[in-house]
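Let's take a look at how charged and nonpolar side chains are arranged in a protein. Have the sequence and the 3D view ready, and follow along.

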Amino acid sequence: REHEASFLRLLDRMTNGTKIEINATGTQLRFKPGVLLGGDIEHDCPIGGSGRSVGWFLEGIFPLAAFGKEPLQLTLNGVTDGTSDIDPSVDYLSSSFIPLLIKFGIGVDDDHPPPELKVTKRGAAPLGGGSVDFYCPIVKELNPIDFVDFGKVKRVRGTAVSCRIPPSSAARVAHAVKGVMHRLLPDVWIHTDVHSSSGKKRKSGDVGGCGPSPGLSVNLTATTTEGVCLSVECSMNHNINSDSGDMMQHDQTVERKNIELPEDLGKRSATLLLQEIYSGGCIDTSAQSFAMLMMCLTPEDVSRIRLGQFSQYTIMSLRLYKEAFGVEFKLRADDIGGEGSDDESDDGFGSKRGGGQTIICSCLGIGYRNMARAST
């Protein structure tokens, strides 16, 4: 497909010596990777019916970014919001994946600033028009991780993003989220990021504004006393064709009765966040496979994380990691509380859980090192 070919072109620009061969029917790919270079790269992601959001591209770049010859400064243009059903948004990656990169030792030294993901222009599906800047320093090797203590939820932060729709819609989403979360804790703050059609008329270049498509989405993050960050996201699903999983063409019309109300969107996102907290994992469901991949690449030492219920994607990823790296994870069912804690059946808010267990996942890394970086 077009977005898959575009991702291969992006990998070709990030590396030196990569060889890509695709047969005439497009059903067979022969890929010989080269050396990761990094540097300043700008790439246009396809939009429309055959395109995917910039989050889909970033999800594949994140595990590679730190192993280049020099720090990566990547600019992606395309869809930034409105595809949470099939692709992660930029806000979700910034609140969930970026802290994971730091926990694995990327950007913790004084040589380079920590990894950063910033939206310079919003672009809702399907026509996009947004822009994202991603910076990632290089490392010699990752650090092993021991992330099994959940703690108690101390605050909830979020961002409600609206593009080319009435500004009150984002405020209605934030009000609905707080209506649910304030029953459980007082420290809830939702930022409203509103972009009207006049945003593109600003004289400050491409900073600010949004693309031509309307959209409404919300990203929520719960932080615990032990540094656990659980993130969820929701978006108005009228821009997604659920049958094929692709973005709808811009000439398709949407009936008003099929558009989700902002209040319903806010309640749905708050409910998803509560489900993530109830599961008891230190990594949210959508980031499970990424965390396990980084664990495979750590030095030859034991890494451990606590996860909730596995998604089907995570199960398939474990099989791929065993085939590609020869790494097998040891899985052990455990209570919700951290090791040695007295609140093993606590739900994070101070009340007792109704049931369910978490899974302690541990593995021995393969000791992968950055071969492109000059040894000192």
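## A buried charged pair

Start with D87: its relative accessible area is just 2%, and because anything under 20% counts as buried, D87 is buried. Keep in mind that this is a predicted model.

Who does D87 pair up with? Its salt-bridge partner is R52, and their closest N and O atoms sit 2.7 Å apart. R52 is buried as well, at 13% relative accessibility. Side chains of opposite charge can pair when their charged atoms come close.

## Strands and more salt bridges

Next, look at R306 and D334, whose side chains form a salt bridge with an N to O distance of 3.0 Å. R306 belongs to strand β14 (residues 302–307) and D334 to strand β15 (residues 330–334), so this pair ties together parts that are 28 residues apart in sequence. Both R306 and D334 are buried.

D334 also meets R332 in a salt bridge, this time at 3.4 Å from N to O. Here the two partners have different labels: D334 is buried at 17% relative accessible area, while R332 is partly exposed at 35%. Elsewhere, D81, D91, R122 and D193 are joined into one network by salt bridges that share partners. Searching the whole structure turns up 12 salt bridges.

## A nonpolar patch

Now for the surface. I20, I22, L29 and F31 make a nonpolar patch of about 330 Å². Strands β2 (19–22) and β3 (29–32) each supply at least two of the patch residues.

Take I22 as an example: you'll find it in strand β2, and with 49% relative accessibility I22 counts as partly exposed.

Key
Residues are numbered from 1 along each chain as its sequence is written. This is a predicted model: local features need pLDDT of at least 70, side-chain atom pairs count only at pLDDT 80 or more; totals for chains, interfaces and linings use all residues. Side-chain values use heavy atoms; hydrogens and water are left out. Patches are made of residues with over 30% relative accessible area and no salt bridge: like charges are joined within 9 Å, nonpolar side chains (Val, Leu, Ile, Met, Phe, Trp, Tyr) within 5 Å. Accessible areas come from the Shrake-Rupley method with a 1.4 Å probe; for residues, only the protein chains shown count as cover. A salt bridge is a side-chain nitrogen of Lys or Arg within 4 Å of a carboxyl oxygen of Asp or Glu. Helices (H or I, at least four residues) and strands (E, at least two) are DSSP runs, numbered from the N terminus. Buried means under 20% relative accessible area, exposed over 50%, partly exposed in between (1.4 Å probe, protein chains only).
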